Amino acid sequence: MNGRVDYLVTEEEISLTRGPSGLGFNIVGGTDQHYVSNDSGIYVSSIKENGAAALDGRLQEGDKILSVNGQDLRNLLHQDAVDLFRNAGYAVSLRVQHRLQVQNGPVGHRSEGEPSGIPIALVLVPVFALTMVAAWAFMRYRKQL
């Protein structure tokens, strides 16, 4: 690998219905508490088990929330963002940025000591069976001479 980490950034609109435990996730970030260096954005810090976000399945820890019901989350204090979520209503629309790490090295390259991915028995059993068949055929052929 070249030591660089590459990311694929995608955006998605996610609609959630507030449940008994709210929207079912916690946030971090804001202009007063950067979660990512040089970025005052609002990020998902955790997803509550069986909450609205977990049941929907699209929102993931580490996702950046860009807007709530069309209201931009840039340049907000953390508490202002929390208040915006709390007052967002029953049906909430989130604009979310997903950041997926992508492989940036040669595909199929293995260093010394790494397994090849093929179990040894998968190779040895057929080789052994072929050897036995060949030995049996040779012995039978010799008997005929």
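## Confidence of the model

Among the elements of the protein chain, strand S4 (residues 64-68) has the highest mean pLDDT, 97, and helix H3 (residues 120-144) the lowest, 81. The model is a predicted one. Over the protein chain the pLDDT averages 85, and 85% of the residues score at least 70. Where pLDDT is low, the predicted coordinates should not be read in detail.

## Elements and their order

The protein chain holds 3 helices and 6 strands. Read from the N terminus on, the order of the elements is β-β-β-α-β-β-α-β-α.

Contacts in the protein chain with a separation of 6 or more can be sorted by how far apart the residues lie in sequence: 64% of these contacts are between residues 24 or more positions apart.

## Surface and burial

The protein chain has 145 residues, and 27% of them count as buried. Its accessible surface comes to about 10300 Å², and carbon and sulfur atoms account for 55% of that area.

One nonpolar patch on the surface covers about 240 Å² and is made by Leu8, Leu100 and Val102. Of these residues, Leu100 is found in strand S6 (residues 91-102). Leu100 has a relative accessibility of 46%, so it counts as partly exposed; the range for that class lies between 20% and 50%.

## Aromatic pairs

A pair of aromatic rings is described by the distance of the centres and the angle of the planes. The structure holds 2 aromatic pairs. One of them is formed by Phe25 and Phe85: the ring centres are 5.6 Å apart and the planes stand at 90 degrees, so the pair is edge-to-face. An angle over 60 degrees is what that class requires. Phe25 lies in strand S2 (residues 25-29) and Phe85 in helix H2 (residues 78-86), so this pair links distant parts of the chain, 60 residues apart. Both Phe25 and Phe85 are buried.

Tyr35 and Tyr43 also form a pair, with ring centres 5.3 Å apart and planes at 45 degrees; the pair is therefore tilted. Planes under 30 degrees apart would count as stacked and those over 60 as edge-to-face, and 45 degrees falls under neither. How do Tyr35 and Tyr43 count, buried or partly exposed? Tyr35, at 46% relative accessibility, counts as partly exposed. Tyr43 has a relative accessibility of 8% and therefore counts as buried, the limit for that class being under 20%.

Note on methods: Residues are numbered from 1 along each chain as its sequence is written. This is a predicted model: local features need pLDDT of at least 70, side-chain atom pairs count only at pLDDT 80 or more; totals for chains, interfaces and linings use all residues. Side-chain values use heavy atoms; hydrogens and water are left out. pLDDT is the predictor's confidence in each residue, from 0 to 100. Helices (H or I, at least four residues) and strands (E, at least two) are DSSP runs, numbered from the N terminus. Patches are made of residues with over 30% relative accessible area and no salt bridge: like charges are joined within 9 Å, nonpolar side chains (Val, Leu, Ile, Met, Phe, Trp, Tyr) within 5 Å. Accessible areas come from the Shrake-Rupley method with a 1.4 Å probe; for residues, only the protein chains shown count as cover. A salt bridge is a side-chain nitrogen of Lys or Arg within 4 Å of a carboxyl oxygen of Asp or Glu. Buried means under 20% relative accessible area, exposed over 50%, partly exposed in between (1.4 Å probe, protein chains only). Contact means heavy atoms within 4.5 Å. Rings of Phe, Tyr and Trp (its six-membered ring) pair if their centres lie within 6.5 Å; planes under 30 degrees apart count as stacked, over 60 as edge-to-face and the rest as tilted.
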